[in-house]
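Hi,

Here is the structure I promised to pass on. Have a look at it first, and my notes follow below.

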Amino acid sequence: MNSLPAVVTGREAARFEVAGGRPAQYRSVHRVGGIVARALRWCGDVMHTWTFWGLAAAAIASSVLVVGLRHAVPSARALLALSVALAGLSMLLAAPGVAVVLLIAPAAGATILLRPVPPLDGPDVGRVPGTSIGRRLGLLVAVVLVVELGWAFRQTHGVRLPAQSSDLFTSAVNVAGAVWTDHLATLAAAALLLVVSVAGVAAVRREER
Amino acid sequence: MLPEPTFNSYLMLSTVLLSVGLAGVFLQRTAVGMLLSVQVMVGGITLAFTAGDRYFARTDGQILSVVVIAATLVHLALVVALSATDARHRHRYRRGSGDGRT
C-alpha cells in the first residue's frame, strides 16, 4: 500500500514522498496544486479582462471628447488620454514598440502645438468651407458604418487571441530585426516623408517671416 | 462578469474609434479640429493593425502602425504650420482694415 506506483517517476515521486508515501494524501497534494494553479490562472484572466474593458471605455470616452470639444487645446488633452489608453491596449497585445511610439507621439505633437504661433484656438482660424448638407451626409455615413459593422461582428463568434510570449523583449527584438531586413524600404519611405515634411514646414515658416 | 476580450473585441473597438473620428471629420469646422479627428481614426487603425499582428503571429502590423503614426505626425506639423500662416494673414488683414472686422 505504501509503495510507489510503477508509473510514477521524477517530480511526482518526490510529491509522493512528501505526502508520506500514502496514495490518498498524494492525490490531495495534486488536487490542492491544481486548485491553486486554476485560481492563479483565473486571477490573471480576470485582470486581463478588466484591464481591457477599462482601457476600451477610456479610449471611447476620450475619443468622443476629442470630437465633441470645440476648442483645440482641451481636444488635444483628450487625444493625449486616448494615446495613453491605446498604449495600454498595445501592451495587452504584447506590442511594447507600438506602445512606446504611441506615448512619444503626443509629446512630439505637443511640442509642435506649444510653439509660439498665433492662437489656433479661435473660432475662425483654419475654418474649412463646407455645406451643412454635406456634413450631415458624412455624419449619416459614419453612423451607418457603425451599425453595419456592429451587425457584422454580431454574426461572427469571438476568436480567441493566441497565447502571448512570456518575454515582451523578444517581441521588440523581432520587430527591430524585421525593420532592418524585410521592411527597409518602408523605413526609407517613412524617413523620406519626414525629411520632406520638415523642409515643407521650414519653408512655410520662412514665408511667414 | 465581463466577457473575455477576443480578436473581435479589439476589431470592434477599432471600428468604434474609426467611426467616431469619421464623424468628427464631418462635424468639426476648423482644420485643427479635423486633424484631431483624423488622429482618432489613426488610433483605431493602429489598434486594428496591432491586434491583427498578434492574431496572425507576425510583426508587419506593428511596423505599419509605427509608420502610420509617423505619417500622422507629419500631417500634424503641416496642418499646424498652414493654420498658423492662415491665422497670421487674417490678423494682418484685420489690422489693415482698421475696424477689427473682416
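Accessible areas here come from the Shrake-Rupley method with a 1.4 Å probe, and for residues only the protein chains shown count as cover. On that basis, chain A exposes about 13700 Å², with carbon and sulfur atoms supplying 69% of it.

Some housekeeping before the rest. This is a predicted model, where local features need pLDDT of at least 70 and side-chain atom pairs count only at pLDDT 80 or more, while totals for chains, interfaces and linings use all residues. Residues are numbered from 1 along each chain as its sequence is written, chains are lettered from A and ligands numbered from 1 in the order in which they are written, and side-chain values use heavy atoms, with hydrogens and water left out.

The overall picture

Chain A has seven helices and zero strands (helices are DSSP runs of H or I with at least four residues, strands runs of E with at least two, numbered from the N terminus). Of its 209 residues, 29% count as buried, meaning under 20% relative accessible area, whereas exposed means over 50% and partly exposed is in between (1.4 Å probe, protein chains only). Among contacts in chain A with a separation of 6 or more, 35% link residues 24 or more positions apart; a contact means heavy atoms within 4.5 Å.

The core

A nonpolar core is a set of buried Ala, Val, Leu, Ile, Met, Phe, Trp, Tyr and Cys residues joined through side-chain atoms within 4.5 Å. The largest one has 31 residues, and the members touching the most others are Leu82(A), Leu86(A), Leu89(A), Tyr10(B) and Leu47(B). Two or more residues each come from α2 (23-68), α3 and α4 (96-113) of chain A, and from α1 (7-27) and α2 (31-55) of chain B. Helix α3(A) gives the largest share, nine residues. Setting aside neighbours within four places in sequence, Leu47(B) is in contact with residues of both chains, including Leu86(A), Leu89(A), Leu93(A) and Tyr10(B).

Around α3 and α4

What does Ala87(A) contact, leaving aside its neighbours within four places in sequence? The list is Ala99(A), Leu102(A) and Leu103(A). Ala87(A) sits in helix α3 (residues 72-92) of chain A and counts as buried because its relative accessibility is 3%. Its C-alpha is 6.7 Å from that of Leu103(A), though the two are 16 residues apart in sequence.

Ser90(A) is also found in α3 of chain A, and its relative accessible area of 2% is why it is buried. With the same neighbours left out, Ser90(A) is in contact with Ala95(A), Val98(A), Ala99(A) and Leu102(A). Ala94(A) lies in the loop between α3 and α4 of chain A; its phi is near 60°, a positive value in a residue other than glycine. Ala94(A) is buried too, at 11% relative accessible area.

Helix α5

Helix α5 (residues 132-155) of chain A has 24 residues and reaches 35 Å from first C-alpha to last, close to the expected 34 Å (1.5 Å times one less than the number of residues). Its buried residues are Arg135(A), Gly138(A), Ala142(A), Gly150(A) and Phe153(A), and what covers them includes α1 and α2 of chain B.

Leu137(A) lies in α5 of chain A as well, but counts as exposed because its relative accessibility is 54%.

Cheers
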